[in-house]
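Biologist: Please take a close look at a single part of this model: how its helices pack. Add whatever bears on the segments around them.

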Amino acid sequence: MFGDVKFVCVGGSPWRMKAFTEYIAAELAMEDPKSEYPNICAGTDRYAMYKVGPVLSVSHGMGIPSIAIMLHELIKLLYHAHCKDVTIFRIGTSGGIGLEPGTVVVTRQSVDATFEPKFEQVILGKTVLRNTDLDQSLAEELLQCSKELGQFETVIGNTMCTLDFYEGQARLDGAFCSYSEKDKRDYLIKAKEAGVCNIEMESSVFSAMCKLSGLRAAVVCVTLLDRLKGDQVISSHEVLNDFQKRPQILVGCFIKKQLMTKAQPS
């Protein structure tokens, strides 16, 4: 059932990952884009999984623990299905730093809240550090796809992965806030100076686990707001819907190009 998988796309929302499946099916002209795609993991509410041709689409919920559980089980699935040369993408949303809302960020490195490129995990009571580098040639290929599309701004930069949406991301609008607006701004400017372009909550463990398992990987997230200008998203529902489609469009373009290249006679 899974042996032909060459591309895996993961994202937080089950709805978004089903929408991506429908989108990629239409782009690749592989199946009727109006057909109902069954949730392969309907027996569990931990995550949803959809498949069309060589593309697997999986939701991962919010935050490092949620995506880590899914990735362990996904990597085991790919191993037991004898999948070869798999490319995996995380597509999602993020808060930008000094970027126009709607800009797509392809991650160079995932950094922690102190701007260090590492994923830290306690295993058997000992702290283990893992590398969070992503495939740079893949990032450049995605940037080239964006130039060919010419539909939206795309940049390559570092992504800060936090453990929390509010205080961990220097927001002022959570239930608790022990710092001033100036403190927040100073911190975000330091992040920008360290090469951070956007903030989300899954890229570090995604990068570390993909690198550890030898999977070619990329993180592609659209920015919904500029965090230097505020904490809350103020764009309209229609504009946000358009923004959220951008990572799908970019990754879809890459997958289509790859399959067309492989289909050409050598």
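Modeller: A crossing is right-handed if the near helix is turned clockwise from the far one by less than a right angle, left-handed if anticlockwise. The model is predicted: local features need pLDDT of at least 70, side-chain atom pairs pLDDT 80 or more, while totals for chains, interfaces and linings use all residues. Numbering starts from 1 along each chain as its sequence is written, and side-chain values use heavy atoms, without hydrogens or water. Helices (H or I, at least four residues) and strands (E, at least two) are DSSP runs, numbered from the N terminus.

Start with helix 1, residues 14-28. Helix 1 packs against helix 6 at about 40°, with the axes 10 Å apart. Axes are lines fitted to C-alpha atoms over the stretch in contact, and angles run from 0 to 180 degrees between N-to-C directions. Helix 1 and helix 6 are therefore oblique to each other. That label is what remains outside roughly parallel (under 35 degrees), roughly antiparallel (over 145) and roughly perpendicular (65 to 115). The crossing of helix 1 and helix 6 is right-handed. Contact means heavy atoms within 4.5 Å. On the helix 1 side, the residues are Arg16, Ala19, Phe20, Tyr23, Ile24, Glu27 and Leu28. They meet Gln244, Gln248, Ile249, Val251, Gly252, Ile255, Lys256 and Leu259 of helix 6.

Now the loop between helix 1 and strand 2. Alanine 29 lies in this loop. Its phi is positive, near 50°, although the residue is not glycine. Most residues other than glycine have a negative phi. Alanine 29 is exposed (over 50% relative accessible area; buried is under 20%, partly exposed in between, with a 1.4 Å probe and protein chains only), because its value is 69%. Alanine 42 sits in the loop between helix 1 and strand 2 (49-52). Alanine 42 also counts as exposed, at 59% relative accessibility. From alanine 42 to phenylalanine 115 is 73 residues along the chain and 38 Å between C-alpha atoms. Phenylalanine 115 lies in the loop between strand 5 and strand 6 (118-123). Its phi is positive too, near 70°.

Next, helix 2 (residues 64-80) and helix 5 (residues 203-213). Their axes come within 9 Å and cross at roughly 20°. Helix 2 and helix 5 are therefore roughly parallel to each other. The crossing is right-handed. Helix 2 brings Ile64, Ile67, Ala68, Leu71, His72 and Ile75 to the contact. Helix 5 brings Ser204, Val205, Phe206, Met209 and Ser213. Take isoleucine 75. Leaving aside residues up to four places away in sequence, it touches Met209, Ser213 and Leu215. Isoleucine 75 and phenylalanine 119 are 44 residues apart in sequence, and their C-alpha atoms are 18 Å apart.

Last, helix 3. This helix has 14 residues, 136-149. At 1.5 Å times one less than the number of residues, its expected span is 20 Å, which agrees with the 20 Å between its end C-alpha atoms. Its buried residues are Leu138, Ala139, Leu142, Leu143, Cys145 and Ser146. Seen down the axis, they fall within an arc of 155° (taken from the directions from the axis to the C-beta atoms), so they line one face of the helix. An α-helix has 3.6 residues a turn, so residues three or four places apart point the same way. The cover over the buried residues of helix 3 includes strand 4 (87-96), strand 5 (104-111), strand 8 (154-161) and strand 10 (216-226). Helix 6 (237-263) is also part of that cover. After helix 3 comes glycine 150, with a positive phi near 65°.
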